[in-house]
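Take a look at how two chains are held against each other. Start with the contact, then turn to the cysteines.

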Protein chains: 2
Amino acid sequence: MNDTTTTAATAAIEADPRVPIIHITRDFAATPAQLFRAHTDPELFARWVGPDGMTTTLDRWDARTGGSWRYVAARDDLEFGFHGCFHEVRPDRIVQTFTWEGEPDAVALETLTFEDLGDGRTRLHAQSLCDSFEGRDAFLHSGMEVGVDQGYAKLDTLLAAGQIAGTAAGAEA
Amino acid sequence: MNDTTTTAATAAIEADPRVPIIHITRDFAATPAQLFRAHTDPELFARWVGPDGMTTTLDRWDARTGGSWRYVAARDDLEFGFHGCFHEVRPDRIVQTFTWEGEPDAVALETLTFEDLGDGRTRLHAQSLCDSFEGRDAFLHSGMEVGVDQGYAKLDTLLAAGQIAGTAAGAEA
């Protein structure tokens, strides 16, 4: 393993000024194929998603176009359920819906794209579209950046440990 | 059948000024249960959706939370494919994604709610959320109102002819 500080980035999380969208941008020492696998393989996904100290259990996971998903994140006596459906799953793009079951009528439409930067690096673009600025801003102020940053740091660790197979030309793992 | 002019309404189609949403509002001589059935039963849905003169063939239809759908609308040599997934299907609310396959990366998040007005009448609220004002306005200017109005008129006819079963207390059919 090389210097891990090169992957200890924080995600850029931005509120779009025109539309109720959250934009997240994060670079990884990974190929697009590895990031795709990290977001679709149920065992891998459960190992990195969410903040430190939470255990994620996948209740339903069918990561293909027209499939659906549900998982529960737990710590001590706390449980948080999330669910949605996969509108499209293809190697460079995943479009899915997202609901936190604590607010069951709030639905976000999420679009992930994997931009190949070359040399085994990929930029993840994640867009969450809400139906109001109030809902978008409540999500932004919920502390979601902690889960985003800690989750992606776990994903960095899995990548650096060679736990995510892929056509990793140029990757250091 | 009673005077059909009472149901020959046109839908109110409005562009939201703040967010890239299209709001459609339309009253029907139907109960919420009948409107729910009209939007989830595959044989009924194919009989009314879309403009006059198009034939709708359902390719995939699993109208339940986490299910998915695809249909093809055809006239002469023209074919238009549409697909999406059902985020949530419950008696008063359907949330689903929507893509016209001619523009495969454009995805709308649609929310339908059925507001019981009493006396066997129900107000349909349909909201389509896009990720840009440009995309929303292109959809609005695509001639979609013709399909919306002609489709709902066909649904009126099915309701008036007693083709859609329901707990239709107060309905005239």
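What follows covers the interface and then the cysteines.

This is a predicted model. Chain B and chain A each bring 30 residues to the contact. The area buried between them is about 2200 Å². Carbon and sulfur atoms give 56% of that area. On the side of chain B, B:His87, B:Asp105 and B:Asp131 lose the most area to chain A. Together they account for 24% of what that side buries.

Polar links also cross the interface. Twelve residue pairs are in polar contact, and the rule finds six salt bridges. One of the salt bridges joins the side chains of B:Arg18 and A:Glu134, at 3.3 Å from N to O. On chain B, the elements that give two or more residues to this side are β5, β6, β8 and α3. The largest share, seven residues, comes from β5(B). By type, the side of chain B that touches chain A holds 13 nonpolar, ten polar and seven charged residues.

The chains also share a covalent link. A search of the whole structure finds one disulfide. It joins A:Cys85 to B:Cys85, with an S to S distance of 2.3 Å. The bond crosses between chains, from strand β5 of chain A to strand β5 of chain B. It is right-handed, with 65 degrees about the S-S bond. A:Cys85 is buried at 0% relative accessibility, and B:Cys85 is buried at 0% too.

Why is A:Cys130 not bonded to B:Cys130? Their sulfurs lie 15 Å apart, so they are too far for a bond. A:Cys130 is buried at 8% relative accessibility, and B:Cys130 is buried at 9%.

How values were computed
Residues numbered from 1 in each chain as written. Chains lettered and ligands numbered in written order. Predicted model: local features only at pLDDT ≥ 70, side-chain atom pairs only at ≥ 80, totals over all residues. Heavy atoms only, no water. Contact = heavy atoms within 4.5 Å. Buried area = accessible area lost by both parts, 1.4 Å probe. Salt bridge = Lys/Arg side-chain N within 4 Å of Asp/Glu carboxyl O. Polar contact = N/O pair within 3.5 Å; in protein donor to acceptor, adjacent residues only side chain to side chain. Helix = DSSP H or I, 4+ residues; strand = E, 2+ residues; numbered from the N terminus. Nonpolar A, V, L, I, M, F, W, Y, C, P; charged D, E, K, R; others polar. Disulfide = S-S within 2.5 Å. Buried < 20%, exposed > 50% of the residue type's maximum accessible area, 1.4 Å probe, protein only.
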